[in-house]
Amino acid sequence: FNSMGALRLSLPPPSLETIPSVLPDDLIDATFDVPSLGEMGYRDAKTSPFKGGESEALRRLEGKVASQPAWVSTFEKPNTSPNSLEPSTTVLSPYLKFGCLSPMTF
């Protein structure tokens, strides 16, 4: 530590008085808020097409994996399409991530 030189004294912690305001008070209003989907001309999405919960996860597991042993045994990574209205995957990832479905279920 000797090669680094002497230690400097620490600075005092910042306070609201020492930090300058980024925007003047007259500019802090709804003018700079993020617009809603409706304000941008899109239909507001109130719900998701995917339901949550363990029951839905088990239904998806049964419908996409357990009832199709041939599909499982010949599985390959699907060619997903970002424009598709129907998912080309099992859509089990969010259920696994949020704990609605356990890998022990398999």
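This section describes the fold, surface, largest pocket and selected residues of a predicted protein model.

The protein chain contains 3 helices and 0 strands. Read along the sequence, the elements follow the pattern α-α-α. Helix 1 covers residues 54-66. Helix 2 spans 69-73, and helix 3 spans 93-97. Of the 106 residues in the chain, 8% are buried. The accessible surface of the chain amounts to about 10,000 Å². Carbon and sulfur atoms account for 60% of that surface. Contacts were also examined by sequence separation. Among contacts between residues at least 6 apart in sequence, 57% join residues at least 24 apart.

Charged side chains were considered next. The structure holds 2 salt bridges. One of them joins the side chains of Glu56 and Arg59, with an N to O distance of 2.6 Å. Both residues belong to helix 1 and lie 3 residues apart, about one turn of the helix. Glu56 also forms a salt bridge with Arg60. Here the closest N and O atoms are 3.7 Å apart, within the 4 Å limit applied to such pairs. Glu56 and Arg60 are 4 residues apart in helix 1, so about one helical turn separates them. Together, Glu56, Arg59 and Arg60 are linked in a network of salt bridges.

The setting of Glu56 was examined further. Glu56 has a relative accessible area of 13% and therefore counts as buried, the cut-off being under 20%. Arg60 is buried as well. Beyond its salt-bridge partners, contacts of Glu56 were sought outside its immediate sequence neighbourhood. When residues up to four places away in sequence are not counted, Glu56 touches Lys51 and Tyr95. Lys51 and Tyr95 are thus in contact with a residue of helix 1.

The largest pocket holds about 190 Å³ of space. Such space can be located from the atoms alone. Rolling a probe the size of a water molecule over the atoms shows where empty space is left. The lining of the largest pocket consists of 10 residues. Nearest its centre lie Phe50, Arg60, Glu86, Pro87 and Val91. By class, the lining divides into 5 nonpolar, 2 polar and 3 charged residues. Arg60 thus appears both among the residues nearest the pocket centre and in the salt-bridge network with Glu56 and Arg59.

Val91, another residue listed nearest the pocket centre, has a notable backbone angle. Its phi is positive, at about 60°, although Val91 is not a glycine. Most residues other than glycine have a negative phi. Val91 lies in the loop between helix 2 and helix 3. Val91 is buried, because its relative accessible area is 14% and the limit for burial is 20%.

Lys77 is found in the loop between helix 2 and helix 3, as is Val91. Is Lys77 buried or exposed? Lys77 counts as exposed because its relative accessibility is 72%, and exposed residues are those over 50%. Lys77 was also compared with Thr89 in position. The two residues are 12 apart in sequence. Their C-alpha atoms lie 8.6 Å apart in space.

How values were computed
Residues numbered from 1 in each chain as written. Predicted model: local features only at pLDDT ≥ 70, side-chain atom pairs only at ≥ 80, totals over all residues. Heavy atoms only, no water. Helix = DSSP H or I, 4+ residues; strand = E, 2+ residues; numbered from the N terminus. Buried < 20%, exposed > 50% of the residue type's maximum accessible area, 1.4 Å probe, protein only. Contact = heavy atoms within 4.5 Å. Areas by Shrake-Rupley, 256 points an atom, 1.4 Å probe, with all protein chains shown as cover. 1 Å grid on protein atoms, 1.4 Å probe; cavity = no way out; pocket = protein on both sides within 12 Å on 5 of 7 lines; lining within 4 Å. Points joined across faces, edges and corners; volume = space filled by probe spheres on them. Nonpolar A, V, L, I, M, F, W, Y, C, P; charged D, E, K, R; others polar.
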